[in-house]
Amino acid sequence: MNVPHGTPRLAAVIVLAAGEGTRMKSSTPKVLHRIGGRTLVGHAIAAARAAQPEHLAVVVRHERDLVAAHVTEVDASAVIADQDEVKGTGRATECALDVLPADLDGTVLVTYGDVPLLAGDTLVSLLAEHVGSGSAATVITAHLSDPTGYGRILRDADGGVEGIVEQKDATDEQRAITEINSGIYAFDAAVLREALAKVGTDNAQGEKYLTDVLAIARGAGGRVSAHLIEDLWQTEGVNDRVQLARLGKELNRRTTERWMREGVTIIDPDTTWIDTDVTIGRDATVLPGTQLLGATTIGARAVIGPDSTLTDTEVGEDAEVKRTEAVLAVIGAGATVGPFSYLRPGTELGAKGKIGGFVETKNAKIADGAKVPHLTYAGDVTIGEGANIGAGTIFANYDGVAKHHTTIGRHSFVGSNSVLVAPVTIADGAYVGAGSAVTGDVEPGQISVARGRQRNIDGWVARARAGTKTDAAAKAAQDAQAPTRHTDNSTEGQGQA
């Protein structure tokens, strides 16, 4: 058996993701559960790609179509390998080799799809040590105070790796060993192919173990090395939802710490959750109770929170977002949002614009300097530069069958408590009087008043609410003041509908 030498060259990474994960007790395959905005297998693929392999293969079996479709979505160039009826990590690796080039030459790394904190840098270090030491096989190991469930590293009298024994096959003496097998290996491709052909299923589980390759390689005269790492989290896999939460919390701790070291102020990391793919500009501030999810980007000096959740949202420099939920939205530089606002997909707020308190927007293009300050629903609308939308305005975009669009022109003004019944256009420099229900277009320079004429009816309370506290209050006020003039003859007109 030849022992590899030469400069580091990574021929392939194989990610084992075929397991059922019964302890998750979930209809979702284990490797498709998420932490930090990525699936477990998504984290494994990201780490593999960071090592720059020539080929990447992912082994699937349980819920094969779901997992394979997700792998292709995450990495279109990854090769899917199907594990057959023969169980075990050795057989899974063999199935991966079958779909990789037959003349594959160089180093092959084998990782798991449920070890989400494994870093790409660690795989690069493993590759360098494996090639530099001229080993046939190298395994990442770590010392755990409680190694229960992990395979144990067996060393010879000289300290070399003699083999690995699985928990269920270990003796009491072997179970006392604290150095564990991470399940992450580097192999020479030829060594791996030749050894796997010799691996049997004569063990407690009747499985073809990848760990047996190490003993076979050693027996053939190859060098077997251990790459010991101190960061135990990188070796920990997810088997149930308790571990999923633990690893998710640790990943988030690392993510928030990384951003703080990059110049971001995070007031309370314990209540701040930031996904792996989020980016944050220097001198931004994240206040307590904030979640930055998906591919959200935060500009320099922006202030986000408290109590805000932004998903796949872009926030410009110097913007402020308070107590807001936003999904697939764009918030311009210097803009302000919130509190208690909901920005739905398609919302675009321009530079120095404002979406105020208790506002909901959807498919709304709000130009630079425009304001939607309070208590408004703005759906399917374009609002021009510098326009102002009064409190309580409703953009009535749905007629029961289809959605329709409203356009508000530049520097126009919509009075409070108005309803704009789409499709309708309010032109540049136009006004809508407060309380109007507008169903027709308004031309530049016009004011539209579309409401019923006010009538004040004398004596109504005395007749309709006689004997009530309201009646008593009215009589007392009438006795104390001169009679007021009613407005039955008001000349205020009703706008054209």
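**Entry 1. Confidence of the model**

I began with the predictor's confidence and noted a mean pLDDT of 93 for the protein, with 95% of its residues at 70 or more. I then looked up residues 1–7, where the pLDDT is below 50 and the model has 19 contacts beyond near neighbours in sequence. I record that this is a predicted model. A further stretch, residues 489–497, also has pLDDT under 50, and the model gives 13 contacts for it beyond four places in sequence. I shall leave the fine detail of such stretches aside, because predicted coordinates should not be read in detail where pLDDT is low.

**Entry 2. The annotated position**

I looked up the "active site" feature, which UniProt, in an unreviewed entry, places at His374. I located His374 in strand 29, which covers residues 371–374. Is His374 buried or exposed? I found His374 to be partly exposed, because its relative accessible area is 39%, which falls between the limits of 20% for buried and 50% for exposed. Setting aside residues up to four places away in sequence, I listed the residues that His374 touches: Gly357, Phe358 and Val359, together with Gly390, Ala391 and Gly392.

**Entry 3. A nonpolar surface patch**

I next examined Phe358, which appears among the residues touched by His374 and belongs to a nonpolar patch on the surface with Phe340 and Leu375. Together I noted about 340 Å² of accessible area for these residues. I placed Leu375 in the loop between strand 29 and strand 30, the latter spanning residues 377–383. I count Leu375 as exposed because its relative accessible area is 52%, against a cut-off of over 50%.

**Entry 4. Helix 3**

I turned to helix 3, residues 89–99, and found it mostly covered, with 8 of its 11 residues buried. Which residues of helix 3 are buried? I recorded Gly90, Arg91, Ala92, Thr93, Glu94, Cys95, Ala96 and Leu97. I then asked what these buried residues pack against. Their partners are strand 1 (10–16), strand 4 (55–60), strand 5 (79–82), strand 6 (107–112) and helix 6 (189–196).

**Entry 5. The loop after helix 6**

I followed helix 6 to the loop between it and helix 7 (212–219), where Thr211 is found. I classed Thr211 as buried because its relative accessible area is 4%, and the cut-off for buried is under 20%. Leaving aside neighbours within four places in sequence, I noted that Thr211 is in contact with Ile164, Glu166, Asn181 and Tyr185.

Terms used. Residues numbered from 1 in each chain as written. Predicted model: local features only at pLDDT ≥ 70, side-chain atom pairs only at ≥ 80, totals over all residues. Heavy atoms only, no water. UniProt positions renumbered as here; feature names shortened; annotations may be inferred. Helix = DSSP H or I, 4+ residues; strand = E, 2+ residues; numbered from the N terminus. Buried < 20%, exposed > 50% of the residue type's maximum accessible area, 1.4 Å probe, protein only. Contact = heavy atoms within 4.5 Å. pLDDT = per-residue confidence, 0-100. Patch = residues over 30% accessible without salt bridge, like charges linked within 9 Å, V, L, I, M, F, W, Y side chains within 5 Å. Areas by Shrake-Rupley, 256 points an atom, 1.4 Å probe, with all protein chains shown as cover. Salt bridge = Lys/Arg side-chain N within 4 Å of Asp/Glu carboxyl O.
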